[in-house]
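Trainee: I'm new to this one. Could you walk me through the structure and explain the terms as we go?

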Amino acid sequence: MAAEYTLVIKNHRFEPSEVTVPAGKRVKLVIDNRDSSVEEFESHDLRREKIVPGNSRGVVWVGPLPAGKYHFYGEFHEDTAQGNLIAK
Amino acid sequence: MLGSAVIVFREVLEAALIISIVMGATRGVAARGRWVLGGIAAGVGGAILVAAFAGAISDAVQGRGQELLNACVLLAAVLMLAWHNIWVSSHGRQLAGEMRKVGHDVSMGVKPLSALALALVTFFAVLREGSETALFLYSLSASGAGGTSLLFGGVLGLVGGVVLGVIVYRGLLAIPLRHFFSVTGWLVLLLAAGLAANAAGFLNQAGLLPALAPQMWNTSAILSQGSWAGTLLHILVGYNDRPMGIQVLFYGVTLVVIYAAMRLVGRQHEQSRTAASA
């Protein structure tokens with residue numbers, strides 16, 4: 001079973017806004033959207049995009065990743081929903 | 001308000017551009033307007049359904065439902081675009097020739113299946129982009145405070161997307177007839193290759209395809225995919241500033257296979273015409 005990391009979306013912000021995951025492993029990210037509005041988890045760095053409806057969860061698999069910093073954001077609330085994933 | 005207008009505009013843009021290319025590429029096909037409108041209407045209906053069941057779709061197939069649905073819709077559109085281009089390579093020259101002779105557009109009857117193919121491309125484009133727009137607009141209208149102004153912004157973005165599509169279509173019509181079908185043929189070919197690369201991205205996200213190489217190149221410093229120019233090129237020719245190996249492979253294979261099929265069918269058609277006139 002792969003490691004699982006949860007990113008909570010609340011008030012159009014990611015919590016935590018920085019998450020550290022092991023490099024070189026497939027990692028499961030759970031996007032837990034606790035806002036009533038839909039959000040699109042998007043990352044050009046990770047090449048991922050996923051719609052997460054309000055008050056629901058979405059799963060995004062990433063990796064295996066080379067060590068580094070990967071930016072992600074919520075496409076529908078880009079001004080506040082920002083975060084980084086650190087692989088090391 | 002402006003924020004929501006921009007978000008919706010970006011979502012609608014892809015569908016609007018695809019529809020304008022389809023309208024251009026099917027110039028001269030009888031009753032194409034009706035087929036395309038039917039595709040749009042069915043797409044909007046389907047998009048609302050997909051948006052309504054977004055949660056269930058997302059949870060399906062161990063949380064990979066959304067990726068699989070996106071990939072299937074994209075690949076189906078690629079097949080339909082390929083079919084259209086191969087059909088045009090056998091009839092397009094004849095059609096353009098007749099239009100030139102009479103000096104205005106002529107209509108050519110098509111088999112219902114070919115017309116259905118282009119209606120389906122429209123349907124798939126609206127379905128995919130529309131479901132995200134519908135979800136977004138719905139959550140705006142449900143959020144209450146300030147929702148009306150945001151909703152108005154959303155509608156503004158929608159209208160903006162449609163207007164841009166119409167402008168692109170008018171622009172395509174300005175291309176001289178001599179070159180018209182070869183230009184639209186290339187547009188459709190590159191569009192199909194780009195959609196195939198997107199599908200590969202979703203299949204990788206679903207864990208069904210390996211990346212092959214995590215990053216083939218990085219041109220994000222020169223032209224970021226997030227910029228407007230990058231977004232436009234991404235939609236039109238499948239530009240990707242940091243593609244995975246599997247995406248480049250899908251792009252190349254789609255391009256080569258459709259092009260080869262077009263040449264093959266075009267040559268056979270040419271031969272049968274020469275044989276008939278001899």
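Mentor: Sure, starting with one pair: A:Ile9 stands opposite A:Asn33 in E4(A). This is a predicted model, in which local features need pLDDT of at least 70 and side-chain atom pairs count only at pLDDT 80 or more, while totals for chains, interfaces and linings use all residues. Residues are numbered from 1 along each chain as its sequence is written, and chains are lettered from A and ligands numbered from 1 in the order in which they are written.

Trainee: What makes strand E1 and strand E4 of chain A a pair?

Mentor: Two strands pair if DSSP finds at least two bridges between them. E1 (residues 4-10) and E4 (residues 27-33) of chain A have 6 bridges, in the parallel sense, so they pair under that rule. The names come from DSSP runs, numbered from the N terminus: strands (E) need at least two residues, helices (H or I) at least four.

Trainee: Which way does E4(A) run against E7(A)?

Mentor: E4(A) and E7(A) run antiparallel, joined by 7 bridges. A:Asn33 turns up here too, opposite A:Ser56 in E7(A). Together the strands give an open sheet of 4 in the order E2-E1-E4-E7 (chain A), with mixed pairing. Its edge strands are E2 (13-15) and E7 (56-62) of chain A, each pairing on one side only.

Trainee: Which side chains of E4(A) are buried?

Mentor: A:Val27, A:Leu29, A:Ile31 and A:Asn33 point to one face and are buried, whereas A:Lys28, A:Val30 and A:Asp32 point to the other and are not. Buried means that 20 or more other C-beta atoms, placed from the backbone, lie within 10 Å of the residue's own (exposed is 12 or fewer, partly exposed in between). In a regular strand the side chains alternate between the two faces of the sheet.

Trainee: Why is one side of E3 and of E6 in chain A left without a neighbour in the sheet?

Mentor: Chain A has 5 strands in an open sheet of mixed pairing, ordered E3-E9-E8-E5-E6. E3 (18-21) and E6 (48-52) of chain A stand at the edges with a single partner strand each, so one side of each has no neighbour there. Within that sheet, E8 (residues 68-74) and E9 (residues 82-87) of chain A pair antiparallel over 6 bridges, and A:Tyr73 has A:Gln82 as its bridge partner.

Trainee: How many residues does each chain bring to the contact?

Mentor: Chain A gives 17 residues and chain B gives 20, where contact means C-beta atoms, placed from the backbone, within 7 Å. On the side of chain A that touches chain B, E7(A) has the largest share, 4 residues.

Trainee: What is chain B built from?

Mentor: Chain B has 9 helices and 0 strands.

Trainee: How do you know that the span of H7 in chain B agrees with its length?

Mentor: The expected span is 1.5 Å times one less than the number of residues. For the 29 residues of H7 (residues 177-205) of chain B that gives 42 Å, and the end C-alpha atoms are 42 Å apart, so the two agree. After H7(B) comes B:Gly207, with a positive phi near 80°.

Trainee: And what makes the radius of gyration of chain B agree with a compact globule?

Mentor: The rule, using C-alpha atoms, is 2.2 Å times the number of residues to the power 0.38. With 278 residues, a compact globule would come out near 19 Å; chain B has 20 Å, which agrees. Buried residues make up 44% of those 278 residues.

How values were computed: Contact = placed C-beta atoms within 7 Å.
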